[in-house]
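Work through the exercises below with the sequence and the structure at hand. Each task is followed by a solution in steps.

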Amino acid sequence: MSDKKAILHLPGQEPVELPILSGAAGNDVIDIRSLGKTGYFTYDPGFLATASCESAITFIDGDKGILEHRGYPIDVLAEKSDYLEVCYLLLNGQLPSSEEFTKFKHIVLHHTMLHEQLVAFYRGFRRDSHPMAIMCGVVGALSAFYHDSLDISNESCREIAAFRLISKMPTLAAMSYKYSMGQPFVYPDNTLSYAGNFLKMMFSIPCEEYVVNPVLESAMDKILILHADHEQNASTSTVRLAGSSGANPFACIAAGIASLWGPAHGGANEACLEMLEEIGSVDRIPEFIAKAKDKSDPFRLMGFGHRVYKNHDPRATVMRKTCHEVLDELKIDDPLLDVAMELERIALEDPYFIEKKLYPNVDFYSGIVLRAMGIPRTMFTVIFAVSRTIGWISHWKEMLDQPGQKIGRPRQLYTGEVDLDYPDK
Ligand code: SDX
């Protein structure tokens, strides 16, 4: 921590000294916790310049396009690690030894089944329900199933909740897909990898043998790694705020799923593919670029821009490579990829996008890869949620482990009516 200070001069008050805190990397922060005594609040809707917590899980340098999980660059993890090892890293703070990883994987693979009563829960949804709507419901419903671990002040209860969520999210997600397809649910196969098991639960049918395609298995594992965590994004902040009241962890993750669903956040991959389909051909790109630049038009280029990245999203760079690998392997010539590549080229040369530093983000290519893998658009954000569960749980755990953790309770600038007289009747 630094001994630097910010001096705040407020009308009619003595100058206020506010400590400046330095982290291991990234922006210093002005500690305003003592500001309340001045009678002032700070005001930052959207939290553009507000650090909500101290964290050691993920670091992003938006100007340099850097993303590191516990100090390891995302492109290195995508190349050399696998999703379950990244789960261990995010949750525990360091890479596992071989013995630690074997034990971790054994626990994860032996919590993949659901209570059979939960299967009935799916029947309550219309068969054409959006899988994200189902996920909000069934993940929240898990909070009604585990009364053996409700004391989240107990570390072992927090640990088993984390394992259950990491293990069961692929099962729940695949079931939400199967339900929407009218196909029978597929039980987990613990002989397979995490990604392979998910693909089998998604695509196997009783009347045929299902063999996991190693290229798709590797692509899915890479997609899971790329979406695992991203510091204090909207859904992670939602989980932290929900968890700060001591709420049930399954209910907190359901809140994170709800936030992720929005098209400005995790729903952008589905919205991006819808946009590419609407554009339809390369010659219509200028029309949509113009719409994106038109202030009177709410249209935005989905998959472009980011609150933090003002350079390339390093995940998009890896996703772009994966996209080509999968399409080449499957020998798919997807016209939407041609539209995407041309849209990226044009946008990156357009002064509007250059000036506003709008680059393709992780959602720009993920939709094309997932579509090439035969995954329906409505499942894109579900897969994002499966991956991000480890990030949400790691931040939830970090928050609860921090001494002096307080309930999150922002203040406001009140602009409503004051002291009205109630009308005589
Ligand atoms: C994710 O936070 C995370 O880390 C999220 C995430 C994660 O891993 O958790 O990275 C995942 O959510 C990625 C982002 C996915 N969303 C989209 O692709 C949707 C399209 N992008 C935008 O809606 C937007 O860029 C946001 C929401 C991502 C960021 O918005 P900000 O930071 O609030 O920026 P802004 O809306 O204030 O935009 C700044 C300017 C504006 O112009 P001016 O008002 O200054 O003239 O850039 C323009 C915007 O109009 N702009 C865009 C644009 N994004 C911003 N113009 C056209 N197309 C776009 N996509």
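**Exercise 1. The sheet**

In what sense do S1 and strand S2 pair, and over how many bridges?

Solution. The model is a predicted one.
- Step 1: strand S2 covers residues 16-21, and its pairing with S1 is antiparallel, over 4 bridges.
- Step 2: for a position within this pair, take Ile7, which stands opposite Glu17 in S2.
- Step 3: the sheet is open, has 3 strands in the order S1-S2-S3, and is paired in the antiparallel sense.
- Step 4: strand S1 (5-8) and strand S3 (29-30) each have a single partner strand and stand at the edges, so one side of each has no neighbour in the sheet.

**Exercise 2. Cysteines**

Determine how many disulfides the model holds, and account for Cys53 and Cys157.

Solution.
- Step 1: a disulfide is a covalent bond between the sulfur atoms of two cysteines.
- Step 2: the cut-off is a sulfur pair within 2.5 Å.
- Step 3: for Cys53 the closest cysteine sulfur is that of Cys252, at 15 Å, which is too far for a bond.
- Step 4: Cys157 is in no disulfide either, since the nearest cysteine sulfur, again in Cys252, is 14 Å away.
- Step 5: the count is 0 disulfides.
- Step 6: as to exposure, Cys53 is partly exposed at a relative accessible area of 26%, whereas Cys157 is buried at 9%.

**Exercise 3. Asp363**

Find the place of Asp363 and check its charge partners.

Solution.
- Step 1: Asp363 is in helix H16.
- Step 2: a salt bridge needs a side-chain nitrogen of Lys or Arg within 4 Å of a carboxyl oxygen.
- Step 3: the nearest side chain of opposite charge, Arg315, is 6.1 Å from Asp363, and Asp363 has no salt bridge although it is buried.
- Step 4: beyond four places in sequence, Asp363 touches His265, Gly266, Ala268, Asn269, Cys272, Gly303 and Phe384.

**Exercise 4. Arg377**

Locate Arg377, then state whether Arg377 is buried, partly exposed or exposed.

Solution.
- Step 1: Arg377 lies in the loop that runs between helix H16 (362-372) and helix H17 (380-401).
- Step 2: its relative accessibility is 28%, so Arg377 counts as partly exposed.
- Step 3: leaving out residues up to four places away in sequence, Arg377 touches Glu270, Leu273, Glu274 and Glu277.
- Step 4: Cys272 is 105 residues from Arg377 in sequence, with a C-alpha to C-alpha distance of 9.7 Å.

Conventions. Residues numbered from 1 in each chain as written. Predicted model: local features only at pLDDT ≥ 70, side-chain atom pairs only at ≥ 80, totals over all residues. Heavy atoms only, no water. Helix = DSSP H or I, 4+ residues; strand = E, 2+ residues; numbered from the N terminus. Buried < 20%, exposed > 50% of the residue type's maximum accessible area, 1.4 Å probe, protein only. Contact = heavy atoms within 4.5 Å. Lys, Arg positive; Asp, Glu negative; His and termini not counted. Pairing = 2+ DSSP bridges.
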